[in-house]
Amino acid sequence: TKDIPRTEPELDIPLVGNEALCNMFAITDYHIGMNAWGEETGADWDINIARDLLVKWFAEAIRRAPQADTAVLAEIGDFLHWDGLDAVTPSSGHILDADTRFPKLVEMVMDVCVEAIGMMLTKHKKVHVIICEGNHDLAGSVWLQKFIKKIFANNKRVTVDDSAFPYYAYKFGEVMIGYHHGHKKKNMALPALFSSEPRFREMWGSCKKTYIHTGHYHHFESKEDAGAKVERHPTLAGRDSYAARGGWISDRCAHAITYHKVYGEDSRKTVTPRRK
């Protein structure tokens, strides 16, 4: 790891910000490496489309987000479509529609993450990175966490949650923000988990507001229970043949959500892909 080039420790630090606000940029089920044929699925999807759309999404979401000192990059799982040299799901071995070779996929994922974090640093003084374990990228989420932590090791403005536990949380003032891909626990079981899990219990008790974010099912859902608001996020990605043939449809979008350190959610910006 000594040979891995680190980013420079001093980038241009934004002078204008708001210490009371945190912008969270939420991406889930992006499935980089998936191949979809528009004639079958309704929209083409491949590695190049995925990269182009993600960079454009971050540029637009960052532009629309208010001035804030803090940002969270919340990648809520299944960022990679598959997890190794064979294009299959890691747990069940289901064959997946793959666009490229795995080494090429790995390199592109690393590049686009570094680019996105760099874009966020131009507007925010601090960036916290959360890469959630997904059911498609059980191992991929691990090496991506470690890679980002190493590459930004010299930059004190970037922190990375590299927990081996598939549940994650970030405390911003009196606001607790939790994350889980959604493959292990159903949404309505998560307030009980976060409030009782020893590693989160103190955070839960010290916060006035709690928000929990998930993905996994590719569509929006929001419920409130036991003192927490639980939100399932949709995906920006196109459908694969399995979803298209199964008749599963959801609106493609992703959210940049702004939190106030005392009052909780302050605003949100929803960015959708342009339809041709």
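Author: Two strands pair if DSSP finds at least two bridges between them, and the strands themselves are DSSP runs (E, at least two residues), numbered from the N terminus like the helices (H or I, at least four). Please keep in mind that this is a predicted model, in which local features need pLDDT of at least 70 and side-chain atom pairs count only at pLDDT 80 or more, while totals for chains, interfaces and linings use all residues. Residues are numbered from 1 along each chain as its sequence is written, and side-chain values use heavy atoms, leaving out hydrogens and water.

Reader: Then what makes strand 5 and strand 6 a pair?

Author: Five bridges join strand 5 (residues 168-172) to strand 6, and pairing asks for at least two, so the two strands pair. They run antiparallel, and Y168 stands opposite Y179 in strand 6. Two residues lie between the strands of this hairpin, where G173 takes a positive phi near 60 degrees.

Reader: Which sense does strand 6 take with strand 7, parallel or antiparallel?

Author: Strand 6 and strand 7 (residues 209-214) pair in the parallel sense, over five bridges. Here G178 stands opposite I212 in strand 7.

Reader: Why is strand 6 called mostly covered?

Author: Five of the five residues of strand 6 (175-179) are buried, where buried means under 20% relative accessible area, exposed over 50%, and partly exposed in between (1.4 Å probe, protein chains only). V175, I177 and Y179 point one way, M176 and G178 the other way, and all are buried.

Reader: What makes D29 worth a second look?

Author: D29 has a positive phi, near 50 degrees, in a residue other than glycine. D29 sits in the loop between strand 1 and helix 1 (38-41). With a relative accessible area of 0%, D29 is therefore called buried.

Reader: And A226, is that residue buried or exposed?

Author: The relative accessible area of A226 is 54%, which means that A226 is exposed. A226 also has a positive phi, about 55 degrees, although it is not a glycine, and is found in the loop between strand 8 (221-225) and strand 9 (228-232).

Reader: How are the strands of the open sheet ordered?

Author: Six strands form that open sheet, in the order 4-3-2-1-10-11, with mixed pairing. Strand 4 (158-161) and strand 11 (264-271) are called edge strands because each pairs on one side only. Inside the sheet, strand 1 (residues 21-27) and strand 10 (residues 254-260) pair in the antiparallel sense over five bridges, and the partner of L21 in strand 10 is H260.

Reader: How do you know which strands helix 2 packs on?

Author: Contact means heavy atoms within 4.5 Å, and helix 2 (residues 47-64) touches strand 1, strand 2 (70-75), strand 10 and strand 11. The direction of helix 2 makes about 160 degrees with that of strand 1; such angles run from 0 to 180 degrees between N-to-C directions, with axes fitted to C-alpha atoms, for helices over the stretch in contact.

Reader: What makes a group of residues a nonpolar core?

Author: The members are buried Ala, Val, Leu, Ile, Met, Phe, Trp, Tyr and Cys residues joined through side-chain atoms within 4.5 Å. The largest such core has 50 residues, and F25, Y30, F58, F79 and I148 have the most contacts inside it. Helix 3 gives the most to this core, with 12 residues. Y30 touches residues including W45, L54, F79 and L236.

Reader: Why is one space called a cavity and another a pocket?

Author: On a 1 Å grid over the protein atoms alone, a cavity is a set of points where a 1.4 Å probe fits but cannot get out, whereas a pocket is an open set with protein on both sides within 12 Å along at least five of seven lines; lining residues have an atom within 4 Å of a point. The largest cavity has a volume of about 60 Å³, and among its lining residues are I27, L54, F58 and F79. Helix 3 gives the most to that lining, with three residues. The largest pocket has a volume of about 1700 Å³. Its lining has 50 residues, of which M34, T235, A237, G238 and R239 lie nearest its centre. Helix 2 gives the most to the pocket lining, with seven residues.

How values were computed. Points joined across faces, edges and corners; volume = space filled by probe spheres on them. Lists of a residue's contacts leave out its neighbours within four places in sequence.
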